[in-house]
There are 2 protein chains.
Amino acid sequence: MDQVMKNTGVLPDVDLRLSALQKNERRNQGAALEVYERLRRAIVEGELRPNEPLIEADLAKMLNVSRTPIRESLQRLAADQLVTPRKRGWAVREYSVEEIRERSEVRAALEGYAARLAATRATDDEIAAIASIQDERDGMTELTPAYRVESNRRFHDAIIAAARNTRLADDIFRVGQFYFNRHIAGLTTAEEQKLNQHDHREIIAALVARDARGAEDAMRTHILNAFTVFQRIVGF
Amino acid sequence: MDQVMKNTGVLPDVDLRLSALQKNERRNQGAALEVYERLRRAIVEGELRPNEPLIEADLAKMLNVSRTPIRESLQRLAADQLVTPRKRGWAVREYSVEEIRERSEVRAALEGYAARLAATRATDDEIAAIASIQDERDGMTELTPAYRVESNRRFHDAIIAAARNTRLADDIFRVGQFYFNRHIAGLTTAEEQKLNQHDHREIIAALVARDARGAEDAMRTHILNAFTVFQRIVGF
DNA sequence: GTGTACGAGTTTGCATGCAAACTCGTACAC
DNA sequence: GTGTACGAGTTTGCATGCAAACTCGTACAC
């Protein structure tokens, strides 16, 4: 499957925004954080290939810094699970199908719970705003893959924000919605897009009804459906 | 509340085991990982106080290494949220009530989901083993706080293992069951212990019945109950 | 007494140094 | 041809160096 990923260029487009925590750290950790971000991007966009050994001196030269900030960044990347230890040093981590299934389950658990909390804690205005993100989308005649990714992200982020739990938000961010990117978005069938729209509408309906369990179930179903689509596209 | 924590010595006793991921890294990252563990322990056991600035040179002297492995460890500790950036360098992170509530919610979401998966995926033997952990405990005449903590940990770990999702297990480990330690265990009332036992029995009953939703709900209730007990004890 | 400016001392962030561990190709034995 | 032993070259892990940024106490102005 990593072969498939390589060939279809499916890896890229992870959400590269810094988490709230990381932003907070920008204050002092100047170059080291910059290095971390750039290495993260390089891995995530596939410039550094899965299983590729990461030679500190090479990375240092590539980013025009010394080995010290590189080594510190590698610690962070290891905590993110983007990099994995070898007998000596580090290599880019390769994700198996099994791991992507596991991540989908974790995301279903966390984001489902976020939807549950949102059903109780969101203001009416917030729920209206969530619905309007979907309305805007449904009202458009032409949907580019980039727009679909972006709109989807706003939809999910708005629900997560309404859950009022920054730690939960951060953990959802960490587990990553890395598999819905432009490339994938461009390969979904009309039917799959219809299902996606249906899922979103179910979630909104539950939120409007302030139905916590319903919102949670709908969100879980949605996330596991997205995983199924992902599986079909990358072909396992 | 951090004042309360200081006075009651409530901070200690976080689970100091390395996660599966960390163990894997032991191979190459020798001293640096050792340093990380020792700093983690020092923070978690309260040797390094919340908001205490962490002076690299002092830590280096204290652990008898140079500043380099200290700095690398600080990156890991930051990823764990045990350490927080200051204008210059780092300080031990202080948890607010609000953050502990947030963590409890995340743990309820993740560990509830683990119970759900366990209800479907556990073998009959695994469920029997989970039940027997509780049977052993209920059959004892005298329960020391240390035993209660240890038995509780085995109970939860067995359920998590039966969920067959290592990423989920790792995330549960990360969010930490830091608030149920010996000190807290020694301060619970007979009534609270009764409730705890009841919660565990409910979870077991749902697992035996292979009732996924029931197991999830019971686990969530249990975790949120534990948070309530924690709140009472540390007194907010 | 209150406020501010200076400077010695501290501490960081990054670069560099260096020995030990590992890798890998060559050559030699059989 | 297959296997192994050696050693040059590479790369790491940790230590140390050093300039820049910050801290904090003292002294001086008002």
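Here a trainee and a mentor talk through a predicted model of two protein chains with DNA strands C and D.

Mentor: Residues are numbered from 1 along each chain as its sequence is written, and chains are lettered from A, ligands numbered from 1, in the order in which they are written. Since the model is predicted, local features need pLDDT of at least 70 and side-chain atom pairs pLDDT 80 or more, while totals for chains, interfaces and linings use all residues; side-chain values use heavy atoms, with hydrogens and water left out.

Trainee: What makes a residue count as near DNA strand C, and which are the closest?

Mentor: One of its heavy atoms must lie within 4 Å of the strand. By that test 15 residues surround DNA strand C, and the closest are Ala31(A), Ser66(A), Thr68(A), Arg71(B) and Arg88(B). Sugar and phosphate make up 52% of the strand's atoms that come within 4 Å of the protein.

Trainee: Why is the pairing of Thr68(A) with DNA strand C called a polar contact?

Mentor: A polar contact is a pair of N or O atoms within 3.5 Å; within protein, one must be able to donate a hydrogen and the other to accept it, and residues adjacent in sequence count only if both atoms are side-chain atoms. An N or O atom in the Thr68(A) side chain is 2.6 Å from a base nitrogen of DNA strand C, so the pair meets the 3.5 Å limit. Arg88(B) has a side-chain N or O atom 2.5 Å from a base oxygen of this strand, and a backbone N or O atom of Glu56(B) lies 3.2 Å from a phosphate oxygen.

Trainee: Which contacts does DNA strand D have?

Mentor: Among them, polar side-chain atoms of Arg67(A) and Thr68(B) lie 2.8 Å and 2.6 Å from base nitrogens. The side chain of Arg71(A) has an N or O atom 2.5 Å from a phosphate oxygen of DNA strand D.

Trainee: How do you know that chains A and B are related by a two-fold axis?

Mentor: Copies are superposed by least squares on the C-alpha atoms of residues with pLDDT of at least 70 in both. A rotation of 180° with 0.0 Å of shift along its axis places chain A on chain B, with an RMSD of 0.1 Å. That is the relation of a two-fold axis. In chain A, the residue closest to the axis is Glu72(A), its C-alpha at 2.6 Å.

Trainee: What makes you say the copies meet through the same surface?

Mentor: Contact means heavy atoms within 4.5 Å. 100% of the interface residues of chain A are also interface residues in chain B, so the same surface is used by the copies.
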